[in-house]
Amino acid sequence: MSALTLNTSTSEPHPAAAASSPLDVATPAGLEVTGVAVSFGGERVLHDIALQVSAGTTTAIVGPSGSGKTSLLRVIAGFLDPGSGAVMLRGADVTAVAPHRRSIGLVAQDGALFPHLDVAGNIAFGLPRGTRRRETRRRVEELLDLVSLDREHARRRPDQLSGGQRQRVALARALARRPDVILLDEPFSALDAGLRETTRQAVREILATTGTTTVLVTHDQDEALSFADQVAVLQEGRLSQIGSPESVYRRPRDTRTAQFLGESVLLPARTTGTGRATTALGEIRVISPDAAELTAPQNSPEVPDGQPGHGTVMLRPEQIELTEQGTPGIVVSSQYFGHDTTAVVAVEGLKELVRVRRLNADPLRAGAAVGLTVTGVGVLYPAASGGSGAADAPGIELLSPR
Ligand SMILES: Nc1ncnc2c1ncn2[C@@H]1O[C@H](COP(=O)(O)OP(=O)(O)OP(=O)(O)O)[C@@H](O)[C@H]1O
């Protein structure tokens with residue numbers, strides 16, 4: 001995806017930044033983007049982006065292809081001038097600062113290692129110019145240890161490493177100057193599933209150990225939710241929601257964000273105005289997407305007060321259990337994934353099929369009769385909420401409550 005091929009970090013080590021550095025401000029490390037807009041050939045691709053990343057934390061920017069993720073990363077790195085807005089690092093405005101003078105390390109999708117340099121040469125490339133040979137060797141070994149790569153790998157060329165090892169070298173190179181911020185541009189996407197998971201975990205631990213402020217760009221929702229302290233959802237150049245992984249997954253701002261972040265069950269509903277809604281799957285406790293943080297979806301939530309009316313209730317497939325006394329349905333299909341099993345169920349009176357996910361369960365036979373029971377709370381989008389209601393959910397018509 002990336003137009004970013006550079007992998008460099010070029011300011012002096014933090015916290016001992018040179019007094020003349022534009023980044024030398026007595027504020028905690030962190031990143032702030034305010035009012036950033038970007039256009040290409042008159043077409044706006046980023047609109048009024050505002051994002052704060054607290055020092056030492058990780059934020060994932062997740063969005064579909066073409067939503068503007070790379071453009072935003074390029075603005076932060078300094079490779080793309082925003083038409084308006086500002087980028088602040090550690091409290092200092094760096095919007096006009098050249099990329100190589102920003103204290104930023106970048107890890108590209110493919111690692112962007114130099115093929116003609118060995119591992120040590122690649123990592124040493126990230127060190128400040130003029131670093132003495134003995135110090136270079138010490139620092140390269142330190143960085144190899146940090147990213148859990150055998151020191152004997154130092155003399156290997158990138159094509160003699162596995163994909164996961166290459167990404168570790170890329171990370172070591174980006175960390176070499178102890179940058180204030182690390183930008184990860186889809187760094188795991190070229191790895192196969194197993195390696196992706198272990199590399200992701202390892203990188204997360206390294207970044208936590210070093211306390212590095214990190215921005216990860218990904219189109220992979222699971223990656224964003226599992227990797228980051230904060231998730232920012234980018235859709236068509238706008239940040240539709242920013243919050244903790246739990247809050248954006250459990251209480252997406254609108255049905256579109258809900259569907260992007262994971263499989264959703266969208267049920268036409270009649271709201272009672274008392275924190276409950278009547279749906280084809282029975283009466284469900286509901287919560288507003290704006291409610292305060294939930295500790296667990298089953299816990300007593302803040303419920304929206306208001307007038308009775310129509311709307312849409314969003315559930316996640318894992319919130320629906322199969323029980324004998326539940327709402328009757330017929331299994332249309334079922335898929336086995338090992339750790340979990342999904343089933344698609346037709347329910348009388350409901351135009352949309354209902355997706356159910358069960359842990360550690362056998363697949364169900366098509367045509368089997370099942371009962372569906374909702375657990376926890378649903379997220380209610382009132383139809384009158386201006387584009388977040390049932391009218392937003394494709395193919396769903398409002399039902400009269402049964
Ligand atoms: N240099 C450019 N010139 C013109 N249009 C561009 C340029 N770079 C990006 N765009 C357009 O800007 C929009 C956002 O692109 P961007 O690469 O930021 O999206 P993305 O979310 O990173 O996509 P992907 O995940 O597919 O890489 C797209 O419509 C793209 O075609």
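**Strand pairing, helix packing and local geometry in a two-domain model**

Strands E13 (residues 282-287) and E19 (residues 378-382) pair in the parallel sense, over 2 bridges. The bridge partner of Ile 287 in E19 is Val 379. The model described here is predicted. E13 also pairs with strand E12 (residues 276-279). That pairing is antiparallel and has 4 bridges. Thr 279 has Gly 282 of E13 as its bridge partner. A hairpin of 2 residues joins E12 to E13.

The protein as a whole has 402 residues, of which 42% count as buried. It contains 8 helices and 19 strands. Two domains are assigned: domain 1 spans 31-243, and domain 2 spans 261-392. Their centres, taken over C-alpha atoms, are separated by 37 Å. Contacts between residues distant in sequence were also counted. Among contacts between residues at least 6 apart in sequence, 71% join residues at least 24 apart.

Leu 315 offers an example of such a link. This residue is found in strand E14 (residues 309-315). Leu 315 has 27 C-beta neighbours inside 10 Å and therefore counts as buried. Its C-alpha lies 5.1 Å from that of Gly 378, although the two residues are 63 apart in sequence. Gly 378 belongs to the residue range of E19 (residues 378-382). Leaving aside neighbours within four places in sequence, Leu 315 is in contact with Val 265, Leu 267, Ile 320, Val 374 and Gly 378.

An open sheet was also found. It has 6 strands in the order E6-E7-E8-E3-E9-E10, and the pairing is mixed. Strand E6 (104-107) and strand E10 (238-243) form the edges, each pairing on one side only. On average, neighbouring strands of this sheet are turned by 20° against each other, direction ignored. At one edge, E6 runs parallel to strand E7 (residues 181-185), and 4 bridges join the two. Gly 105 has Ile 182 of E7 as its bridge partner. Helix H4 (residues 163-175) packs on the sheet and touches both E6 and E7. The direction of H4 makes about 170° with that of E6.

H4 also packs against a second helix. The axes of H4 and helix H5 (residues 193-210) come within 10 Å and cross at roughly 20°. Angles under 35 degrees count as roughly parallel, so H4 and H5 are roughly parallel to each other. Their crossing is right-handed. On the H4 side, the contact is made by Gly 163, Gly 164, Gln 167, Leu 171 and Leu 175. H5 contributes Leu 195, Thr 198, Thr 199, Val 203, Ile 206 and Thr 210. In an α-helix there are 3.6 residues a turn, so residues three or four places apart point the same way.

Helix H1 (residues 69-77) was examined for burial. Of its 9 residues, 9 are buried, so H1 is largely enclosed by the rest of the structure. The buried residues are Lys 69, Thr 70, Ser 71, Leu 72, Leu 73, Arg 74, Val 75, Ile 76 and Ala 77. Charged residues, Lys 69 and Arg 74, are thus listed among the buried residues of H1. Gly 78 follows H1 and has a positive phi, near 100°.

Backbone geometry was then considered at residues other than glycine. Most residues other than glycine have a negative phi. Asp 48 has instead a positive phi of about 45°. Asp 48 is placed in strand E2 (residues 43-53). With 14 other C-beta atoms within 10 Å, Asp 48 is partly exposed. Asn 360 likewise has a positive phi, of about 50°, and is not a glycine. Asn 360 lies in the loop between strand E17 (354-359) and strand E18 (369-374). This residue has 8 C-beta neighbours inside 10 Å, against a cut-off of 12 or fewer, and so counts as exposed.

Conventions: Residues are numbered from 1 along each chain as its sequence is written. This is a predicted model: local features need pLDDT of at least 70, side-chain atom pairs count only at pLDDT 80 or more; totals for chains, interfaces and linings use all residues. A residue is buried if 20 or more other C-beta atoms lie within 10 Å of its own, exposed if 12 or fewer, and partly exposed in between; C-beta atoms are placed from the backbone. Two strands pair if DSSP finds at least two bridges between them. Axes are lines fitted to C-alpha atoms, for helices over the stretch in contact, and angles run from 0 to 180 degrees between N-to-C directions. Two residues are in contact if their C-beta atoms, placed from the backbone, lie within 7 Å. Domain bounds come from an automatic or database domain assignment. Angles under 35 degrees count as roughly parallel, over 145 as roughly antiparallel, 65 to 115 as roughly perpendicular and the rest as oblique. A crossing is left-handed if the near helix is turned anticlockwise from the far one by less than a right angle, and right-handed if clockwise.
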